[in-house]
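New to this one? Have a look at the sequence and the fold, and then we can walk through a few spots together.

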Amino acid sequence: MGSYNFSNSPFKIKEWSSLFDSLSDMVVICQVKDDKSFTYEYINPPAQRIVSMEWIGKGIEEVHPPHYAESLSRKFHEILDTKQPARYSDDKQWGGSEEILTSGHFSPIVDETGRCTHIVVIAKDSKEELELIWNHTTDAIYLLAQDGSNMKINPAFERMFGWSEEEVKGVLLPPYLPLEFRTEYYDMIERLKAGESFVNIPQKRVHKNGKVIDLLVSYRPVNNGNILAVGSCIDVTELNRIHHALNQSKERYKKLVQFSPDAIFVISNGNLVFINPVGSKLLKADESNQLLGRSIFELISTSLQGQFIEFIRNILQGQDAGETVATQLVCLDESVIDVEVVGVEIIYNEEHSVQLVIRDISDRILAKRALEESESKYRLITENMTDLVAVIHTNGRVFYASPSHEIVLGVHQEHLVGKLIRNLVHVEDQEEVIEAFYSAVTYKEPFNVIFRMLQVNKNIWLDFEAYGTPIFGEDGELESFVLLSRNITDRKQTEAALKESEEKYRLIAENMSDLIAILDIQGFIRYASPSYHSILGFPTDHIEGDLAFNMVHPDDTPTLQKTFFEIILDKAPRGAEFRYKHVNGEWIYVEARFTPVLLEHDEVEYIVVVARDITDRKNNEKLLMDMAFTDTLTGLPNRRKLMDHAKHALITANRQQNSIGLLFLDIDKFKEINDKMGHDIGDELLIRFAERVKGNLKDDDIMCRIGGDEFVILLPTVYALQDATNVAEKVIQSLQIPWQINGHVFRTTSSIGIAISNAGDTIDMLLKRADKALYRVKENGRNHFKVDL
């Protein structure tokens, strides 16, 4: 806004009052008298709501406090001297005692002689905006008094430091200031008094709970009355922690690459730009400088260069990242070694590059060739290993067998249906199979058993390890078991061969995908197959010599230790399921078989552990369990899950001499909505109803859908009847908001029946009482709740 020049005609307020009266901003006009004093001549309606019309005709020194009148007079005289408008932001007393924060413009009015005759003040009340910033910013803001103590703090300050305004106001040494920062703090106060500002100074403060907070602190001097400065703090504790963790991660990665047991190359534009010490040693180089800058393709066997070029191209195109390729490297001494390579695209020195992890597999190739030449019988067995799948009724009879039975056993699947499972296994194994199966039927749980079955076409008995998974019907009753049987004849033969020749067994084990380990009787790992690296990520030389239980999940360790020592005492094999730790911190479910190897005098020499990854199977089992206990439409627990939660809650409440509460609720006139608007609207209403009601519950309250539009809320801890009625009131109140679904806007209500448990109550009794109370609500007009005491 510029100055107003009335060189043609004098400024007349009456001619301009209609314009100023229509403005929403506050407008006040002061007349300049003798170029020295200033008198209020006009106040528009918005300004009249704050200031008195009695100001008209009075000087500024007559209506303002002396300190503000002096400040305002100086500002007006600056405008008289410059005849230029000025912005301002200040606080002052506008009639009464209410302090109004304002910001706006002073604009001079100049006549034809160039003399300033009036000053127009157009002000905007910014108190509300500043209050919003003060109350809702995430930064801690506070006002410092002239002595350096706190005058006022905002809510974010209290959240950030834990101290209330009453606890820190007027305190010269703030309780959140660490002792080692006292001198620095007092020096900063003196510099603020001298007018110096501070922006984003790293500081540390102490939360009320004792936790140290990292901050960026800013101070801006004000020196207005009692106020010395305005301070603000930004909490950067988490940011500093992330930066620290990132730097640590980078250092760990550097060390991982530098000291990796595998060779690591980085290739940029086809040339080697990095190679770790293991890589230099692999290529028979004294130091990495002998290799850096050379083309990677010069180091690849000529016959395999085309394949390797395609491998690198695919990685850069995002196609083969993580894939493994076998190739041959030509060392500096011109020897050739077989290697396994996996690559990934990375940014190295700001260029797109490929990182290769290379492992020498020359020994594995030689072992494989030797195994192929000398173990034809073993190869025949492994090439024909096939899992058998059968469904066994709870009466022990087969009513489905997979076609693989004919391939493995030479028996057509139709000849197996209807047979008792005990009649299909070796007579010596029947008792163990029957005991394991009927125990699983009784307790409705999975089972694991080892038995032999006859391969009819060769008249030989094959060893199988079977895992039975229970199948439940919609009513929750056990119907059958899915039996997955794996031919472990080769494993049995391997275990037997291990007694005769440990080296022969090691050769076999290193080429199996199963996890194979040899433990001494104290549980220390004396041998681990290479699959521990490929499956769990741990190099074998890192875990050999370590206690096996250190790799097992803490929750599984006690049970597994008990099993381990039972094997030593009983000198008999056992199976177990537990979780192994992966190098990335995740846990892998495995199914393991522990077999003791005995000395001639029948003492345990060591234990062979053969395990396989069953994580996918465990995840599928969990998914099936979740589906069995969850309502598919709303995602809420179903009736079966409700009964389970409620029974446990009732037991706990009785033990603690508390009560539980059940709220039985439905949607009033839901059938009419379904019939008039369609089932799609009805289904969406059920979903949103569930979400809105859950928003009124505590974390440990459980809402279930038990059918149609009927829901039950379980309150696991009720100290008084009001605990339950408060929930019902909140639910009914939340449903007053209309629904907007697919263009339809409508309201619904809910009727709620409440039952609170008494000594001796069962869940069925509580449900009936809550249902009875719900029926009474329906009879009395709906949209309310009743309690059955």
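What follows is a short tour of two sheets, some aromatic contacts and one serine. Keep in mind that this is a predicted model.

**A sheet with antiparallel pairing**

Let's start with an open sheet of five strands, lined up as E13-E12-E16-E15-E14 and paired in the antiparallel sense. The edges belong to strand E13 (271-275) and strand E14 (324-330); each has a single partner strand, so one side of each has no neighbour in the sheet. On average, and ignoring direction, neighbouring strands here are turned by 40° against each other.

Zoom in on one of the pairings: strand E12 (residues 263-268) and E13 are joined antiparallel by four bridges. In that pairing, isoleucine 267 is found opposite leucine 272 of E13. There's a helix to spot as well. Helix H11 (residues 305-316) lies across E12, E14, strand E15 (336-348) and strand E16 (351-360), and it runs at about 25° to E15.

**A sheet with mixed pairing**

Another open sheet of five strands follows the order E28-E29-E27-E32-E33, and its pairing is mixed. Strand E28 (702-707) and strand E33 (785-788) take the edge positions, each with a single partner strand, so one side of each is left open in the sheet. Neighbouring strands of this sheet are turned by 20° against each other on average, direction ignored.

Within this sheet, strand E27 (residues 659-667) and strand E29 (residues 710-718) run antiparallel and share seven bridges. Phenylalanine 664 has valine 712 in E29 standing opposite.

Which helices lie across E27, E29 and E32? One is helix H24 (residues 679-694), which lies across E27, E28, E29 and strand E32 (750-756) and runs at about 155° to E28. Another is helix H26 (residues 763-779), lying across E27, E29, E32 and E33 at about 140° to E32.

**Rings and charges**

Now for the aromatic side chains. The model has 24 aromatic pairs. Take phenylalanine 20 and tyrosine 42: their ring centres are 6.1 Å apart and their planes sit at 40°, so the pair counts as tilted. Phenylalanine 20 belongs to helix H1 (residues 13-22) and tyrosine 42 to strand E3 (residues 37-43), so this pair ties together parts 22 residues apart in sequence. Both phenylalanine 20 and tyrosine 42 are buried.

Elsewhere, Tyr142, Phe157, Phe161, Tyr176 and Tyr219 make up one aromatic cluster.

Some rings have a charged end sitting over them, and here are two examples:

| Charged residue | Ring | Distance to ring centre |
|---|---|---|
| Arginine 617 | Tyrosine 467 | 3.7 Å |
| Arginine 692 | Tryptophan 739 | 3.7 Å |

**One serine in a loop**

Last stop: serine 149, in the loop between strand E7 (140-145) and strand E8 (150-153). Is serine 149 buried or exposed? Its relative accessibility is 4%, and buried means under 20%, so serine 149 counts as buried.

What does serine 149 touch, leaving aside residues up to four places away in sequence? The contacts are Leu143, Leu144, Gly170, Val171 and Leu172. Closer by in the chain, the side chains of serine 149 and aspartate 147 are joined by a polar contact of 2.8 Å.

Key. Residues are numbered from 1 along each chain as its sequence is written. This is a predicted model: local features need pLDDT of at least 70, side-chain atom pairs count only at pLDDT 80 or more; totals for chains, interfaces and linings use all residues. Side-chain values use heavy atoms; hydrogens and water are left out. Two strands pair if DSSP finds at least two bridges between them. Helices (H or I, at least four residues) and strands (E, at least two) are DSSP runs, numbered from the N terminus. Axes are lines fitted to C-alpha atoms, for helices over the stretch in contact, and angles run from 0 to 180 degrees between N-to-C directions. Contact means heavy atoms within 4.5 Å. Rings of Phe, Tyr and Trp (its six-membered ring) pair if their centres lie within 6.5 Å; planes under 30 degrees apart count as stacked, over 60 as edge-to-face and the rest as tilted. Buried means under 20% relative accessible area, exposed over 50%, partly exposed in between (1.4 Å probe, protein chains only). A charge sits over a ring if NZ of Lys or CZ of Arg is within 6 Å of the ring centre and within 35 degrees of the ring normal. A polar contact is a pair of N or O atoms within 3.5 Å; within protein, one must be able to donate a hydrogen and the other to accept it, and residues adjacent in sequence count only if both atoms are side-chain atoms.
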